[in-house]
Amino acid sequence: MLKMAKMATPPIMDSHTANILICYLLYKIDKPVRTSHLYDIAVGNDIINYFTYQESIAYLLAHHSLTVTQRRDGVEYYTLTETGVRTAKELRNYVGKAYRDKLVSAALRYFARIKRESEVKIDYIPLKKGYYVHVRCLDVGDDLLDMKLYAPDYTQAKFLGEQIMLNPAGFYGKILDAAFYNQEMPLDLQDN
């Protein structure tokens, strides 16, 4: 099914379509986006062809639809200008809904993954026999959870880490539920 979806929306190779699509994405998410993140979303997900993307970014910057700003940490961000907003609003229907939805969906998944990775750190610590999967759930400057889980080999340790990263909040919630609702097993004192 995924293969059919990719075939239905092959990478954009027309720069005018890419211009509209990039403006549309930045309009929908309504915040500055790191230059590297926009590239990863558009090109890394096979939505816009690499060369078309490069041409489109150059065009949007030259025609003042996008601006590049550099933050104090040296990271560059793209910001949509009023011209870019007008492009997104007035021309969005010139790009198929499937492409618009695919790009916005890819961006939302991408930003969710980045957020998870900043809130949860997983390290794999080799042992004489097996590995520890060191899981840390972070909050502003503090560890909410810091634990190690044993896995018999690296493959299983990596799989365990990947499973945790699919839904770290759910994992953390289940750990808390287990702790809060943990009860001593009742003793069976009856003679049978």
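In this predicted model, S105 sits in helix 6, the run of residues 97-119. Is S105 buried, partly exposed or exposed? With a relative accessibility of 31%, S105 falls into the partly exposed class, because that class lies between the 20% bound for buried residues and the 50% bound for exposed ones. A pairing across the sequence is also worth a look here: L25 and S105 are separated by 80 residues along the chain, yet their C-alpha atoms lie 9.7 Å apart in space.

Helix 6 also leads directly to the sheet. The helix lies across strand 4 and strand 5, and its direction makes about 60 degrees with strand 4. A further helix, helix 8 (residues 168-180), packs on the sheet as well, where it touches strand 4, strand 5 and strand 6. The direction of helix 8 is at about 85 degrees to that of strand 6.

The sheet itself is open and consists of three strands, arranged in the order 4-5-6 with antiparallel pairing. Strand 4 (120-126) and strand 6 (142-151) take the edge positions; each has a single partner strand, so one side of each remains without a neighbour in the sheet. From one strand to the next, the twist averages 15 degrees. In general, the strands of a sheet are paired through backbone hydrogen bonds, in a parallel or an antiparallel arrangement. Between strand 4 and strand 5, the antiparallel pairing extends over seven bridges. Which residue of strand 5 is the bridge partner of V120? That partner is C137.

Strand 5, which spans residues 131-139, also holds Y132. The relative accessible area of Y132 is 31%, so this tyrosine is partly exposed. Which residues join Y132 in a nonpolar surface patch? The patch is made by Y132 together with L127 and Y150, and its area is about 270 Å². Y132 can take part because patch residues need over 30% relative accessible area, and its value is 31%.

A contrasting environment is found at H37, a residue of helix 3 (residues 35-42). Here the relative accessible area is 13%, so H37 counts as buried, the cut-off for that class being under 20%. Leaving aside residues up to four places away in sequence, H37 touches Y110, F111 and I114. For comparison, helix 6 covers residues 97-119.

How values were computed: Residues numbered from 1 in each chain as written. Predicted model: local features only at pLDDT ≥ 70, side-chain atom pairs only at ≥ 80, totals over all residues. Heavy atoms only, no water. Patch = residues over 30% accessible without salt bridge, like charges linked within 9 Å, V, L, I, M, F, W, Y side chains within 5 Å. Areas by Shrake-Rupley, 256 points an atom, 1.4 Å probe, with all protein chains shown as cover. Salt bridge = Lys/Arg side-chain N within 4 Å of Asp/Glu carboxyl O. Helix = DSSP H or I, 4+ residues; strand = E, 2+ residues; numbered from the N terminus. Buried < 20%, exposed > 50% of the residue type's maximum accessible area, 1.4 Å probe, protein only. Contact = heavy atoms within 4.5 Å. Pairing = 2+ DSSP bridges. Axes fitted to C-alpha atoms, helices over the stretch in contact; angles between N-to-C directions.
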